[in-house]
Structure formats: structure tokens, C-alpha cells
Amino acid sequence: MRVLYMMPTAKGVYPPEAEERRMNVIRSYATPSTQIDVDFMPGVSGFSPWGGTSEPPADAAARAAQLSAQRAVQAEREGYDAFCPFGTLDIGVKEARQLVKIPVVGQAESCFLFCGLLGRPFASCIYMPEGEDRVRAWARDAGVERLLVANTSIGIPNSEYPQRRQELLERFIACANEAREQGAALMGLVAMSICPTEYSAKELSDACGMPVLDALACQIAMAEWWHRTGLPPSLLRSPRSAS
């Protein structure tokens, strides 16, 4: 199958090294049966996922969703079997699903669905502390809010991770310990600049002594699932509580 990954920005918004690292990480998940291509958002949304806050302003978020849906339509025309925006903001996933027939798969949503499959209490780990309400709302939409027992954050902008890599690992271990104290048995949603961009899920699991889910791997697995089963993606209902 052929999957198109869309970076959450137009070309040139990320610094060149950060941009290339993320594209290389995405491509590294390709297999003999799954081709992964990477492209950019077809325009500048006004939101930069590099440094500072992880929460886009409302107008920028709306513009980004529109651009994501636009790229999904193009991906379907180009013959791709699935469209996947990079990043746990799941930019434009709901909007794109209204326009295309191929699977549109988000990282956060996929990760939450895997958490539901595992049925273990889990925690999230994001960059900065202002995103907890968003994570809680997503877990609610995915039907797994009862399993989300802890929201943790690194407290360092992701633009500083390459230079503060060891400190990032130490902060992640502290977050895992905090999550464990609150009853988590799994680090179930970890932001992309932490895992797998800086550290693999296995490296983080070994360091903190708790299983860590790889949201990128969950997303690809979900896209492959839709493709292999042949079921119409319209069967995916979000939020799960909808009638």
C-alpha cells in the first residue's frame, strides 16, 4: 500500500535540520509492503510546531485543518491508499474525512484506540503544560477517558530538545514516575518530538521501566488495518459516544 504523510507545516517552517530529521524518521517506518512518501502542507497556516507553545491559535488551527484536508484530496487523486498527517495534533483529520474515501488516520486518535485495545491505565506526555485539556478531550472522543489517569509534560520547548537531549530523557523518566504514582501502567500518548524523533519507544521504555507506545507506529498500523480489511473508513465514528 502507499501512504502519504503530510508534515504539519509548509516547507521551510521547520529549520532545515529539524525538517529533514522528521522526514527521515517517517520514511524509516516503510516496509516491503508499505510505501511511505512525505510531503508538506500546501500553504502556510500561521502555526509553527517548532518551539514555544504546542497550542495553535484558533485561526491558525482552522487554516491548518483546511490545508490538511486539501492535501488529503490531492493524495486521493494521486492514488494513495491512506493519508496521515504527522504530529499528535491530528491536524485536519476530521475535515479531510468528509472529503475523501481513503483512510485519513491521526496519530493521537490511533494511539488512544490502541490504549483502548490494551485496556490498561495510561498517561500522556507532551511538551508544555498547557495541552492537558486537549488531551483529555481527545481521550473522551476516543472512548478511553476512563483509562487516562495522568497528563504529564516535559516543560521544555521541542526546539531545545536536540541540545538538551539528556535533560529531555531525565524529564521523561520523571514524567513516567509521576504517571506511575497516579496509577498508570503505560505511557500511552507521547509527543512526536520526544518519540520517535529524539528517542525510540524502546529506548524510553528501557529508561523509565514502563511500556511506551509509539504513536507513529500506531498510526501506520491503523492505516494498514483499514487497507487490509477493505472496510470503508466511513465506519470509523468519532467521537465514539456519538449515536
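This is a short walk through the fold of one protein chain, from the overall layout down to a few single residues.

Okay, thanks everyone. One thing up front: what you see is a predicted model. Please keep that in mind while I talk.

Let's start with the parts list. The protein chain has 8 helices and 6 strands. If you read from the N terminus, the order goes β-α-β-α-β-α-α-β-α-β-α-β-α-α. How compact is the protein chain for a globular protein of its length? The radius of gyration is 17 Å, close to the 18 Å that the globule rule gives for 243 residues, so the chain is as compact as a globular protein of that length. If you like box dimensions, the C-alpha trace spans about 45 × 40 × 40 Å along its principal axes.

Now, what about inside and outside? Of the 243 residues, 52% count as buried. The accessible surface comes to about 10500 Å², and carbon and sulfur atoms account for 53% of that. On the charge side, we have 24 positive and 28 negative side chains, and the centres of those two sets sit 5 Å apart.

One more global number, about who touches whom. Take the contacts between residues at least 6 apart in sequence: 72% of them join residues at least 24 apart.

Right, on to the strands. Strand β1 is residues 2-6, and 4 of its 5 residues are buried, so β1 is largely enclosed by the rest of the structure. Which way does β1 run against β2, parallel or antiparallel? The two pair in the parallel sense, over 5 bridges, with β2 covering residues 35-39. If you want a spot to click on, V3 stands opposite I36 in β2.

There's another parallel pair further along the chain. Strand β4, residues 122-126, pairs with β5 in the parallel sense, again through 5 bridges. Here you can pick out two cross-strand partners: A123 stands opposite A150 in β5, and C125 stands opposite T152 in β5.

How many of the residues of β4 are buried? That would be 5 of 5. Both faces of β4 are covered: on one side you have F122, S124 and I126, on the other A123 and C125, and all of those are buried. Its partner β5, residues 148-153, is mostly covered as well, with 5 of 6 residues buried.

Let me move to the helices and pick one residue from each of two. Q70 is in helix α2, which is residues 58-77. Q70 is partly exposed, with a relative accessible area of 43%. From the C-alpha of Q70 to that of P16 is 24 Å, and these residues are 54 apart along the chain.

Then there's E170 in helix α6, residues 165-181. E170 is partly exposed too, at a relative accessible area of 47%. Its C-alpha is 8.9 Å from that of A207, with the two positions 37 residues apart in numbering.

Last stop, the loops, where a few backbone details turn up.

First up is G46, in the loop between β2 and α2. Is G46 buried or exposed? It comes out at 59% relative accessibility, and exposed means over 50%, so G46 counts as exposed. The C-alpha atoms of G46 and A62 are separated by 9.9 Å, and the two residues are 16 apart along the chain.

Next is D90, in the loop between β3 (82-85) and α3 (93-97). D90 has a positive phi of about 50 degrees although it is not a glycine. How covered is D90? The relative accessibility is 14%, and the cut-off for buried is under 20%, so D90 counts as buried.

And finally, which residues does the cis peptide bond join? They are C195 and P196, with omega at about 10 degrees. P196 lies in the loop between β6 (186-190) and α7 (201-208).

So, to pull the strand part together: β1 with β2 is a parallel pair, and so is β4 with β5. In the loops, the residues to look up are G46, D90 and P196. That's all from me, happy to scroll around the model with anyone who wants a look.

Notes: Residues are numbered from 1 along each chain as its sequence is written. This is a predicted model: local features need pLDDT of at least 70, side-chain atom pairs count only at pLDDT 80 or more; totals for chains, interfaces and linings use all residues. Side-chain values use heavy atoms; hydrogens and water are left out. Helices (H or I, at least four residues) and strands (E, at least two) are DSSP runs, numbered from the N terminus. The radius of gyration is taken over C-alpha atoms; the globule rule is 2.2 Å times the number of residues to the power 0.38. Buried means under 20% relative accessible area, exposed over 50%, partly exposed in between (1.4 Å probe, protein chains only). Contact means heavy atoms within 4.5 Å. Accessible areas come from the Shrake-Rupley method with a 1.4 Å probe; for residues, only the protein chains shown count as cover. Lys and Arg count as positive and Asp and Glu as negative; His and the chain ends are not counted. The place of a charge is taken as NZ of Lys, CZ of Arg, CG of Asp or CD of Glu. Two strands pair if DSSP finds at least two bridges between them.
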